[in-house]
Amino acid sequence: MKTTWRSASLAAGTVAVLALTAACGSESGTSASSQNVGATAPAGGIAGVGSGYGAAGAAASASAPAGVGAGTGTGAQPAGAGELAVSANGELGKILTDGAGKTLYRFDADTAEPPKSNCDGDCATAWPPVSADDVSAGDGIDKSLLGEITRSDGTKQLTVAGWPAYYYAKDANAGDTSGQGVGNKWFALTPEGKKAKSSGGSDVALAGLSVRKDPNLGEIVVDKNGMTVYRFLKDKAWPKPVSNCNGACLQKWPVVAPVEANDTKGVQKKGLMSFTRGDGVRQQTVNCSPIYTFAGDKAPGDINGQGVGGTWYAVAPDGKLVGAPAQ
């Protein structure tokens, strides 16, 4: 760190829907830190991801992009940040970025008083710590809020108002904020060290169903935990939803439980309904097609179910199959 600043819900009810004949049948494919700036505090890491990482419990499948660094788990050098900057984001407002424009995040399972990181091992691979070395405060940043902690591997991690700072390995480009709201515990940092908030003014938490822009698949539907949602080619949507995934199939492809229509964001409302399966379980649909998650997806953003068996595909906001062969 440069000496320039060293001195300073899931809803249980059925979705309100249109009449079945109208809805179905159209398949169209902090407080300020108590840490003195420049002082160090031990990082109480947890082996593996541990509590708080929730659905993001396994390492992210994507490798760290250029500028973020790879292999930032315990024992590796965290990525450097250079001169920090304040960037304007259309949805989140002012957020903190590094010298290359990469978004910085904070983790709800960490603490600011005292400053402490609870992200080690696989967690630190998915969320590389930001190195405190060679960091300076750019315009609009109070250098007195910048500090550092000593992680369990001996490296120095940047803190902002006491909160340890991280990158998200799946942010491929400058300005990406795909880590925002992950697991309802990861949030972009504001210049003051607070959680970035949505344009609506509240901390971002995923709706029952929402849309995520995947770097490979484009816009796809995700559930309230940020997990990718899939459709099964052998299911039917017309004249009424029918699931052909039963028994052992459901162990690999759990159904998405019903969500309220007002608990969705960016998903087409037409055909957004739930139905009763043959086993008596209620299941959500998008454009009347039954939807599922994949047990092989371990973290938000994973798309390991895409194309499995040539019959399982991610779902577009309008209910179409993403990347499926023409039918």
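**Figure 1. Ala132 sits in a loop of this predicted model.** The loop runs between helix H3 (122–126) and strand E6. Helices (H or I, at least four residues) and strands (E, at least two) are DSSP runs, numbered from the N terminus. Is Ala132 buried or exposed? Ala132 has 0% relative accessibility, so it counts as buried. Buried means under 20% relative accessible area, exposed means over 50%, and partly exposed lies in between (1.4 Å probe, protein chains only). Thr159 is 27 residues away from Ala132 along the chain. The C-alpha atoms of the two residues are separated by 7.8 Å.

**Figure 2. The whole protein, with its confidence.** Residues are numbered from 1 along each chain as its sequence is written. In this predicted model, local features need pLDDT of at least 70, side-chain atom pairs count only at pLDDT 80 or more, and totals for chains, interfaces and linings use all residues, while side-chain values use heavy atoms, with hydrogens and water left out. The pLDDT is the predictor's confidence in each residue, from 0 to 100. Its mean over the protein is 79, and 73% of the residues reach 70 or more. Over residues 2–22 the pLDDT is below 50. This stretch has 53 contacts in the model beyond near neighbours in sequence. A contact means heavy atoms within 4.5 Å. Residues 25–76 also have pLDDT below 50, with 147 contacts beyond near neighbours in sequence. The protein holds four helices and 17 strands. Of its 327 residues, 48% are buried. The exposed surface is about 13300 Å², and carbon and sulfur atoms supply 52% of it. Accessible areas come from the Shrake-Rupley method with a 1.4 Å probe; for residues, only the protein chains shown count as cover.

**Figure 3. Strands E7, E8 and E9 form an open sheet.** The order is E7-E8-E9, and the pairing is antiparallel. Two strands pair if DSSP finds at least two bridges between them. Which strands stand at the edges? Strand E7 (146–150) and strand E9 (163–164) are the edge strands, and each pairs on one side only. E7 and E8 are joined by five bridges. One of the bridge partners is Gln157 in E8, opposite Ile149. E7 and E8 make a hairpin with five residues between them. In the turn, Gly154 has a positive phi of about 90 degrees. Strand E8 (residues 156–160) also pairs with E9, over two bridges. There, Val160 has Trp163 in E9 as its bridge partner.

**Figure 4. Strand E7 is covered on both faces.** Leu146, Glu148 and Thr150 lie on one side. Gly147 and Ile149 lie on the other. Why is E7 largely enclosed by the rest of the structure? Five of the five residues of E7 are buried, so the strand is largely enclosed.

**Figure 5. Aromatic rings form a cluster that includes Tyr105 and Tyr168.** A search of the whole structure finds twelve aromatic pairs. Rings of Phe, Tyr and Trp (its six-membered ring) pair if their centres lie within 6.5 Å; planes under 30 degrees apart count as stacked, over 60 as edge-to-face and the rest as tilted. Tyr105 and Tyr168 are edge-to-face, at 6.4 Å centre to centre and 75 degrees between the planes. Tyr105 lies in strand E3 (residues 105–107) and Tyr168 in the loop between E9 and strand E10 (186–188), so the pair ties together parts that are 63 residues apart in sequence. Both residues are buried. Ring pairs link Tyr105, Phe107, Trp127, Tyr166, Tyr168 and Trp186 into the cluster.

**Figure 6. Tyr230 meets Phe294 edge-to-face.** The ring centres are 6.4 Å apart, with 80 degrees between the planes. Tyr230 lies in strand E13 (residues 230–232) and Phe294 in the loop between strand E16 (289–290) and strand E17 (312–314), so the pair ties together parts that are 64 residues apart in sequence. Tyr230 and Phe294 are both buried.

**Figure 7. Strands E11 and E12 form a hairpin.** Three residues lie between the two strands. Strand E11 (residues 209–214) and strand E12 (residues 218–223) run antiparallel, joined by six bridges. Asp214 has Gly218 in E12 as its bridge partner.
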